[in-house]
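Visitor: I'd like a tour of a protein model, and I'll keep asking how you know what you tell me. Could you show it to me before we start?

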Amino acid sequence: MTTDSTETVFGTEQVRRARFAVAAVFTVHGAVTGSFATRVPWIQDHAGVSAGQLGLALAFPAVGASLAMPMAGAISHRFGARTALRGLLALWTLALVLPALAPNLLTLCAALFVYGASAGMSDVAMNALGVEVENRLDRSIMSGLHGMWSVGALIGSAAGTVAAHLGADARLHHSIAALALTALGLIACQGVLDLRSEPDEEPPPRFTLPLRSALVIGAVGFCAVFAEGASLDWSAVYLRDIMDSSAGLAAASTTAFALTMAVARIAGDKVVDRFGAVRTVRVGGVLATAGGLLVVTSPNSALAMCGFGLLGLGVAVVVPLAFAAAGRSGPNPSQAIAGVATITYTSGLIAPSAIGSLAEATSLIVSFGLVTVLAFGLVLGAGVLRAGDRRVAAKGVGVPGTAAAEPHA
């Protein structure tokens, strides 16, 4: 989206303010997800759908996101990054209202399709701006930005838990939340960088298959998101069924995993700046693999929970670094980020069902054996994230507007 001619437009202080603005955008985005997740049981009852029908409906956000994300680059090219993000984020926050209004399965699927499409497009736009700010600050911020998304999700889920406990109608709850988050999002977007394409720059295609570089980087993100989705959705079941834990302890394992992810992402930028993207992901892959092995071999609940904690710690910074690498892998950051996001969304979609299907055919222990293998894939594939290392990027590897250096193995 940007060229060298735009580098002098923004001063240091403006870029620093833009960092906090983008962090606020990530927080708002996460809060929408947290608000929705806590009211799914209410939405199911209101729409009158069975568990199987709900599972079908919950696939539509990922379908909508995957189809719509490639359009984010074209929208940003036409309207500019700030205006595009403002519109897409508002579309996402307001889409929170739609699922609770659905009276049946068909309308619920349609509502969740729109919900997912707006989520995906705003996701691409805010990650592209995050990468741009990181480039200009010359230090890692993407892990912290994704950590703020996790914080937003926790805030949204906490508010949703209170609303559910009070028996509040989800239509009222989500309407109030949508209006509040839309206002906060519009305020936050005022501070992001107002990047615009050059007049003679070719607009990106509205729909396109992921770039080759995005496929390679996305494969690493796939492994991380698969492990994350499997752990979030199945850790409580694993402790209950395999470790014979109480319901409270089983639920606590999921909360602990989510908190580990959030804390690791917020602290991850300093680690990435110190050791680089590739080394950080390789060490993370080792930790995640050790965590997976601990889960499948653990004789008691305490060690299994430690294993899930190591899994969360190990995969926490992979997706932020995958987005950073995609944003520096070619001349069109939004298109590359959209490709990586499509692959990671797909991983998040298939992970829970894949774990369940394999567990039904074998056992949950075997299912998390697969998670462990994919975690080890992070160790083997970390090198493709070299473009996510700002220190390598500063030498001209895969950064738009610079002379490309020889690729690193």
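Guide: What follows is a set of questions and answers about this model, which is a predicted one.

Visitor: Let's start with charges. What makes Arg16 and Glu13 a salt bridge?

Guide: Check the gap between the side chains: N to O, it is 3.1 Å for Arg16 and Glu13. The cut-off is 4 Å between a side-chain nitrogen of Lys or Arg and a carboxyl oxygen of Asp or Glu, so the pair counts. Both residues sit in helix H1 (residues 12-38), three residues apart, which is about one turn of the helix.

Visitor: Why is Arg16 called partly exposed?

Guide: Its relative accessible area is 41%. Buried means under 20% and exposed means over 50%, so Arg16 falls in between. Glu13 gets that label because its value is 46%.

Visitor: How do you know that Arg265 and Glu228 form a salt bridge?

Guide: Their closest N and O atoms are 3.7 Å apart, and the limit is 4 Å, so the pair passes. This one joins distant parts of the chain: Arg265 is in helix H12 (residues 247-275) and Glu228 is in helix H11 (residues 212-241), 37 residues apart. Both Arg265 and Glu228 are buried.

Visitor: And what makes Asp241 and Arg240 a salt bridge?

Guide: Here the N to O gap is 2.8 Å, and that is within 4 Å, so the name fits. Asp241 counts as partly exposed because its relative accessibility is 44%. For Arg240 the figure is 45%, so that residue is partly exposed too. Using this rule throughout, you get a count of six salt bridges.

Visitor: Why is Ser231 called buried?

Guide: Its relative accessible area is 0%, and buried means under 20%, so Ser231 qualifies. You'll find Ser231 in helix H11. Its C-alpha atom is 8.8 Å from that of Pro352, although the two residues are 121 apart along the chain.

Visitor: What makes Val63, Leu67, Leu98, Leu101, Phe113 and Val114 a patch?

Guide: They form a nonpolar patch on the surface, with about 460 Å² of accessible area together. To join such a patch, a residue needs over 30% relative accessible area and no salt bridge, and nonpolar side chains are joined within 5 Å. Helix H4 (60-68), helix H7 (97-101) and helix H8 (105-137) each supply at least two of the patch residues. Leu67, for one, lies in helix H4.

Visitor: What is noteworthy about the phi of Asp138?

Guide: Phi of Asp138 is near 60°, which is positive in a residue other than glycine. Most residues other than glycine have a negative phi. Asp138 is in the loop between H8 and helix H9 (142-165).

Visitor: Where is Asp244, and is that residue buried or exposed?

Guide: Asp244 is in the loop between H11 and H12. Its relative accessible area is 68%, and the mark for exposed is over 50%, so Asp244 is exposed. Asp244 also has a positive phi, about 55°, although it is not a glycine.

Visitor: Last one: what lines the largest pocket?

Guide: The largest pocket has 46 lining residues, and Thr33, Trp149, Glu228, Leu232 and Asp233 lie nearest its centre. By class, the lining has 27 nonpolar, 15 polar and four charged residues. The volume of this pocket is about 1900 Å³.

Note on methods
Residues are numbered from 1 along each chain as its sequence is written. This is a predicted model: local features need pLDDT of at least 70, side-chain atom pairs count only at pLDDT 80 or more; totals for chains, interfaces and linings use all residues. Side-chain values use heavy atoms; hydrogens and water are left out. On a 1 Å grid over the protein atoms alone, a cavity is a set of points where a 1.4 Å probe fits but cannot get out, and a pocket is an open set with protein on both sides within 12 Å along at least five of seven lines; lining residues have an atom within 4 Å of a point. Grid points are joined across faces, edges and corners, and a volume is the space filled by probe spheres set on the points. Ala, Val, Leu, Ile, Met, Phe, Trp, Tyr, Cys and Pro count as nonpolar, Asp, Glu, Lys and Arg as charged, and the others, Gly among them, as polar. Patches are made of residues with over 30% relative accessible area and no salt bridge: like charges are joined within 9 Å, nonpolar side chains (Val, Leu, Ile, Met, Phe, Trp, Tyr) within 5 Å. Accessible areas come from the Shrake-Rupley method with a 1.4 Å probe; for residues, only the protein chains shown count as cover. Helices (H or I, at least four residues) and strands (E, at least two) are DSSP runs, numbered from the N terminus. Buried means under 20% relative accessible area, exposed over 50%, partly exposed in between (1.4 Å probe, protein chains only).
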